[in-house]
Amino acid sequence: AGHEVHLVRMRRSIRPFSDAAAFAKLFGIMRRGRFDIVHTHSSKAGILGRAAAWLAGVSVRVHTPHVLPFVQRAGGIVRGMYRVIETAAAGVTTRMVALSLHEKAEMLASGVARDAQVTIVHNGIDMRMPASPAAVWDKRGELGASEGDFLVGAVGRLVEPKGHSVLAQAARRVIDARPNARFVIAGDGPLREMIQDDIDRLGLGERFQLLGQRDDVRELLPALDLFVLPSLWEAMPYTILEAHDAARAIVASDVCGLGEFLPEGVLVPPEDPE
């Protein structure tokens, strides 16, 4: 599209030398670019980017957390440290963007933002034309589902926050009660081997497939009978919006204020396979 892009390597965990190198590169880019606005996303880029923008004299600094880091699972000391750092960073932030009323409430309750500092901007997607019945049946066949199968699917990186091991435990209970149920997960990540071990240990066999990285998720969703979001924490996941656009039934963990967007009866407690 003709825009200039700079790649700045960052690590998710706290790495003092790596973080210092990323900060120095960001600061240099911002000083040379003489930008009017810097908009940062997520924890690591948010801390380094806002600090660099402030020191570089950028007048407007906007931040979207996509889940505050101290809301995620971590030890008490780590959570406290993240809270202190985020509160300090909020002091040089012009505007915080929350993805939901729930996230805004968390920002205010934790003291990392003032009410006047927070704007809510919900995620959105481009809506699609409904899939044809023939396309749906072709995709179901590709996924190994026969005509009588009840196909359940999840989409997401295979990482701890997505809760896929909990889904595997739930699948065992569902298949015991409904043998025609079949489960698939689209996505890949560092926990793939561990989740596959869970699937094998639970004796799910071919009834539970890890599909790996997919570039056809918007085509895959209409082939499901039920979409599941088993996350342990979230911000506002696009996959929920895409499943809703595909007119799928949904069951989701009651996290991140999803009750603002989903009707009662489809939300369940996180980390609860039963």
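Visitor: Why is Ile85 called partly exposed?

Guide: In this predicted model, Ile85 has a relative accessible area of 32%, and since a residue counts as buried under 20% and as exposed over 50%, this value falls in between, so Ile85 is called partly exposed.

Visitor: Where does Ile85 lie, and which nonpolar patch does Ile85 belong to?

Guide: Ile85 lies in helix 3, which spans residues 76-90. Together with Ile14, Val78 and Met81, Ile85 forms a nonpolar patch on the surface, and these residues have about 290 Å² of accessible area together.

Visitor: What makes the contact of Lys44 and Asp19 a salt bridge?

Guide: The side chains of Lys44 and Asp19 meet at 2.8 Å, N to O, and the cut-off is a nitrogen of Lys or Arg within 4 Å of a carboxyl oxygen of Asp or Glu, so the pair qualifies as a salt bridge. Lys44 lies in helix 2 (residues 43-55) and Asp19 in helix 1 (residues 16-33), so the salt bridge ties together parts that are 25 residues apart in sequence.

Visitor: Are these two residues, Lys44 and Asp19, buried or exposed?

Guide: Lys44 has a relative accessible area of 15% and Asp19 has 12%; buried means under 20%, so Lys44 is buried, and Asp19 counts as buried by the same rule.

Visitor: How many salt bridges does this rule give?

Guide: By this rule the count comes to 18 salt bridges. One of the pairs is Arg128 with Glu219, whose side chains meet at 3.2 Å, N to O. This pair links distant parts of the chain, with Arg128 in the loop between strand 4 (118-120) and helix 5 (133-142), and Glu219 in helix 8 (residues 217-220), 91 residues apart.

Visitor: Why do Arg128 and Glu219 count as partly exposed?

Guide: Arg128 has a relative accessibility of 43% and Glu219 has a relative accessible area of 40%; partly exposed is the range between 20% and 50%, so Arg128 is placed there, and Glu219 is placed there too.

Visitor: What parts does the salt bridge of Glu142 and Arg214 tie together?

Guide: The side chains of Glu142 and Arg214 meet at 2.8 Å, N to O. Glu142 lies in helix 5 and Arg214 in the loop between strand 7 and helix 8, so the pair ties together parts that are 72 residues apart in sequence. Both residues also belong to a network of salt bridges that links them with Lys139 and Asp216.

Visitor: What makes strand 7 and strand 10 the edge strands?

Guide: An open sheet is formed by 6 strands in the order 7-6-5-8-9-10, with parallel pairing. Strand 7 (208-212) and strand 10 (267-268) each pair on one side only, and they are the edge strands.

Visitor: How do you know that strand 9 pairs with strand 10?

Guide: Pairing needs at least two bridges, and 2 bridges join strand 9 (residues 249-253) to strand 10, so the two strands meet the requirement. They run parallel, and the bridge partner of Ser253 in strand 10 is Val268.

Visitor: Which strands does helix 9 touch?

Guide: Helix 9 (residues 238-245) packs on the sheet, where it touches strand 5 (150-155), strand 8 (226-229) and strand 9, and the direction of helix 9 makes about 170° with that of strand 8.

How values were computed
Residues numbered from 1 in each chain as written. Predicted model: local features only at pLDDT ≥ 70, side-chain atom pairs only at ≥ 80, totals over all residues. Heavy atoms only, no water. Patch = residues over 30% accessible without salt bridge, like charges linked within 9 Å, V, L, I, M, F, W, Y side chains within 5 Å. Areas by Shrake-Rupley, 256 points an atom, 1.4 Å probe, with all protein chains shown as cover. Helix = DSSP H or I, 4+ residues; strand = E, 2+ residues; numbered from the N terminus. Buried < 20%, exposed > 50% of the residue type's maximum accessible area, 1.4 Å probe, protein only. Contact = heavy atoms within 4.5 Å. Axes fitted to C-alpha atoms, helices over the stretch in contact; angles between N-to-C directions.
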